[in-house]
Amino acid sequence: MVDSRARQQDRQGQSDRAAADDQNRGTHTPPVLGAHGAPERYLRAAPDEIRPAAARIAGIFDLDEPAAAAHAINALLAAYPARPMLVQFPGRPWSMHSRPPETADPEYWLLAKAALALGLWLSDRGRCAWGRCAAGECGRYFIDTGRRQPQKFCSTPCATRTRVAAHRQRRA
C-alpha cells in the first residue's frame, strides 16, 4: 500500500515537472526572469535565442573545481561585460545586478547576468556551491543555498527517492 502510494506520488511529481518543462518551452521565457527585473523584450525571447546561453551556464554548473569555475566565469565576464549596480526590488534587500548594454540580445543579457551572479556566489562561498542533481533520473541543476553540508539533490523529493531506493536495494 505504502509502496504503491509512493510510486503514484513519484509519477505525479514527474508528470508535474514534465508539464512545467513543456510550458517553459513555449514562446516565452520562464516567469522567474520577470520577477528578477528582466526587461520585457527579453521575456518575449524564443527558447532558441537563449538555449546557447543556457548550455554555457550548464557547463559551469557541471564544474566542481573552484579554479576551473573561476576561469570559466572570468571568460564569460570578459566576453559579456556589463556594469554592476545595486538594485532593490519591492520587499527585498539590496542586491548586486549587472546592466548589460541596452542593445544586448537575449543571449548576451543572460550570460552577463549569470557571469556576475555565479562570480559573486563562488567568491562568497569559496567553492562551487552548485551542481547537477545526484538522483540518477533527474539531471536538473541547483544552486546550493545551505550553509552546512554541500547539497547533492535539487529537491527533497529527489533526495528521498534516492535514499529509499538505496535502502530497498540494501534490504533486497
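## Exercises on salt bridges, cysteines and loop contacts

Glu-137 has a relative accessibility of 48% and therefore counts as partly exposed. The structure is a predicted model, and the exercises below work from its atoms.

**Exercise 1.** Find the salt-bridge partner of Glu-137 and state which parts of the chain the pair links.

*Solution.* Step one is to look for the partner: the side chain of Glu-137 meets that of Arg-161 in a salt bridge, with 2.8 Å from N to O. Step two is to place both residues, and here the pair turns out to link distant parts of the chain, since Glu-137 sits in the loop between E3 and E4 whereas Arg-161 belongs to helix H7 (residues 156-171), 24 residues apart. As a general point, side chains of opposite charge can pair when their charged atoms come close.

**Exercise 2.** State how many salt bridges the structure holds, and work out how the one between Asp-48 and Arg-51 is placed along its helix.

*Solution.* The count comes to 6 salt bridges, with the cut-off set at 4 Å between a side-chain nitrogen of Lys or Arg and a carboxyl oxygen of Asp or Glu. Asp-48 and Arg-51 form one of them, at 2.2 Å from N to O. Both residues lie in helix H4 (residues 47-61) and are 3 residues apart, which is about one turn of the helix. The final step is accessibility: Asp-48 counts as exposed because its relative accessibility is 59%, while Arg-51, with a relative accessible area of 46%, is partly exposed. Another salt bridge joins the side chains of Glu-102 and Arg-99 at 3.0 Å, N to O; in this pair Glu-102 is exposed at 52% relative accessibility, and Arg-99 is partly exposed at 37%.

**Exercise 3.** Determine how many disulfides the structure holds, and explain why Cys-133 and Cys-138 are not bonded to Cys-154.

*Solution.* The structure holds 0 disulfides. For Cys-133, the closest cysteine sulfur is the one in Cys-154, and because the two sulfurs are 3.8 Å apart, they are too far for a bond. For Cys-138, the closest cysteine sulfur is also in Cys-154, and at 3.7 Å it is again too far for a bond. The cut-off behind both steps is 2.5 Å between sulfur atoms. As for its surroundings, Cys-133 counts as buried, with 6% relative accessibility.

**Exercise 4.** Decide whether Asp-144 is buried or exposed, and list what its side chain and its wider contacts reach.

*Solution.* Asp-144 is found in the loop between E4 and H7, and because its relative accessible area is 2%, it is buried. Its side chain reaches the backbone nitrogen of Gln-151 at 2.8 Å. When residues up to four places away in sequence are set aside, Asp-144 touches a set of residues that includes Trp-121, Arg-125, Arg-127 and Trp-130.

**Exercise 5.** Identify the residues outside its sequence neighbourhood that Asp-62 contacts, and give the distance of each polar contact.

*Solution.* Asp-62 lies in the loop between H4 and helix H5 (66-79) and is partly exposed, having a relative accessible area of 44%. Leaving aside neighbours within four places in sequence, Asp-62 is in contact with Arg-132 and Tyr-141. The side chains of Asp-62 and Arg-132 are joined by a polar contact of 3.3 Å, and those of Asp-62 and Tyr-141 by one of 3.2 Å. The backbone adds a further detail: the C-alpha atoms of Asp-62 and Cys-128 are 9.4 Å apart, although the two residues are separated by 66 residues in sequence.

**Exercise 6.** Describe the nonpolar surface patch that includes Leu-120, and then set it against the chain as a whole.

*Solution.* The patch is formed by Leu-86, Trp-94, Met-96 and Leu-120, which together have about 430 Å² of accessible area. Leu-120 lies in helix H6 (residues 106-125) and is partly exposed, with a relative accessible area of 37%. For the chain as a whole, the accessible surface comes to about 11400 Å², of which 56% belongs to carbon and sulfur atoms. Buried residues make up 27% of the 172 residues, and the secondary structure comes to 7 helices and 4 strands.

How values were computed
Residues are numbered from 1 along each chain as its sequence is written. This is a predicted model: local features need pLDDT of at least 70, side-chain atom pairs count only at pLDDT 80 or more; totals for chains, interfaces and linings use all residues. Side-chain values use heavy atoms; hydrogens and water are left out. Helices (H or I, at least four residues) and strands (E, at least two) are DSSP runs, numbered from the N terminus. Buried means under 20% relative accessible area, exposed over 50%, partly exposed in between (1.4 Å probe, protein chains only). Accessible areas come from the Shrake-Rupley method with a 1.4 Å probe; for residues, only the protein chains shown count as cover. A polar contact is a pair of N or O atoms within 3.5 Å; within protein, one must be able to donate a hydrogen and the other to accept it, and residues adjacent in sequence count only if both atoms are side-chain atoms. Contact means heavy atoms within 4.5 Å. Patches are made of residues with over 30% relative accessible area and no salt bridge: like charges are joined within 9 Å, nonpolar side chains (Val, Leu, Ile, Met, Phe, Trp, Tyr) within 5 Å.
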